[in-house]
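Please read this report with the sequence and the 3D structure at hand. The text goes from a pocket to a metal site and then to single residues.

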Amino acid sequence: MNSDIFLPSQVAWATGALAGGPLIRKTTRLTDLPGIFADGEAWRRGNPQQSVYDVDVLGSPAGEGALCVGVTHLHTGNVGDEFFMTRGHFHARREQGEVYFGLRGVGLLLLQTEAGDARLEEVTAGSVHIIPPFTAHRLINTGKETLSSLAVWPVIAGHDYAALAEGFALRVFTSGQGFEVRHG
Ligand code: PAN
Ligand code: ZN
């Protein structure tokens, strides 16, 4: 009798598709991202209903010590010359870190300290990103396909979006076949 053995949830590494458990999906559309992109006119001209990214989260863990597992699917596209990106946030509990894993596509993980120092890490299938405590984070899709990234974070971390109302210190724009990083 194997009645004590449960089938766990599954992630398909090639696509980031999660299966085998209660899943909550949150879609963030262009209309949900006012003031995020540098070119406000281009943002207004875009289709407000266009999905920029979907986040699938497994289950609803609760309480100190519990971990959330989620996959972000950041679609390809741009607003003006700026690549699609997530809103980005600090954790409300600033001391809580997170781990991101690249699964599909190519892009950048923008990290920024509370002092405003920013840096970028390349995200590719198999990349591992340890987001330290006290560090804001945002994904940017610089590629031609959806960028999918698995994340694990403490449920108590919470999300503080307001602290970045002024935006991050770096922005990433299209440049020929590649990208260009600009300050401010
Ligand atoms: C991720 C992010 C996800 C969406 O699960 O929440 O990529 O980005 P925004 O929350 O900035 O819209 C995470 O970092 N959780 O803590
Ligand atoms: Zn986070």
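What follows describes a predicted model.

Local features are given where pLDDT is at least 70 and side-chain atom pairs where it is 80 or more, while totals for chains, interfaces and linings use all residues. Residues are numbered from 1 along each chain as its sequence is written, chains are lettered from A and ligands numbered from 1 in the order in which they are written, and side-chain values use heavy atoms, without hydrogens or water.

**The largest pocket**

Rolling a probe the size of a water molecule over the atoms shows where empty space is left. Here the search uses a 1 Å grid over the protein atoms alone, and a pocket is an open set of points with protein on both sides within 12 Å along at least five of seven lines. The volume of the largest pocket is about 500 Å³, taken as the space filled by probe spheres (1.4 Å) set on the grid points.

Its lining, meaning residues with an atom within 4 Å of a point, comprises 24 residues. Nearest the centre of the largest pocket are V55, H89, W153, H159 and Y161. Sorted by class, the lining has 11 nonpolar, nine polar and four charged residues. In this sorting Ala, Val, Leu, Ile, Met, Phe, Trp, Tyr, Cys and Pro are nonpolar, Asp, Glu, Lys and Arg are charged, and the others, Gly among them, are polar.

Which strand gives the most to the lining of the largest pocket? That is β3, with four residues. At least two residues each come from β3 (23-29), β4 (51-58), β5 (67-74), β9 (98-104), β13 (135-141) and β14 (147-154). Strands (E, at least two residues) and helices (H or I, at least four) are DSSP runs numbered from the N terminus.

**The zinc site**

The zinc ion (ligand 2) has as protein donors H89 (NE2), H91 (NE2), E98 (OE) and H137 (NE2), at 2.1 to 2.3 Å. A donor is an N, O or S atom within 2.8 Å of the metal (3.2 Å for Na, K and Ca), and water is not among the atoms, so sites may look incomplete. Along the sequence the donor residues follow the spacing H-x1-H-x6-E-x38-H. The site has six donor atoms with angles of 74 to 174 degrees among them and is octahedral, a class for six donors with opposite ones over 155 degrees apart and all others between 65 and 115. Both H89 and E98 are buried, that is, under 20% relative accessible area, where exposed means over 50% and partly exposed in between (1.4 Å probe, protein chains only).

**An aromatic pair**

Rings of Phe, Tyr and Trp (its six-membered ring) pair if their centres lie within 6.5 Å, with planes under 30 degrees apart counted as stacked, over 60 as edge-to-face and the rest as tilted. The model has one such pair. Why is the pair of F37 and F84 tilted? The ring centres are 6.5 Å apart and the planes stand at 50 degrees, so the pair falls in that class. F37 sits in the loop between β3 and α1 (40-45) and F84 in the loop between β7 (82-83) and β8 (90-91), so the pair links parts of the chain 47 residues apart. F37 and F84 are both buried.

**Single residues**

The table lists residues placed in strands.

| Residue | Strand | Relative accessibility | Class |
|---|---|---|---|
| A151 | β14 | 5% | buried |
| V57 | β4 | 17% | buried |
| C68 | β5 | 8% | buried |
| V69 | β5 | 26% | partly exposed |

V69 and V57 are 12 residues apart along the chain, and their C-alpha atoms are separated by 5.8 Å. Between A151 and V128, 23 residues apart in sequence, the C-alpha distance is 9.9 Å.

F134 lies in the loop between β12 (128-131) and β13. Although not a glycine, F134 has a positive phi of about 60 degrees. Its relative accessibility is 41%, so F134 counts as partly exposed.

Terms used:
Tetrahedral: all angles 85-135°; square planar, octahedral: opposite > 155°, others 65-115°.
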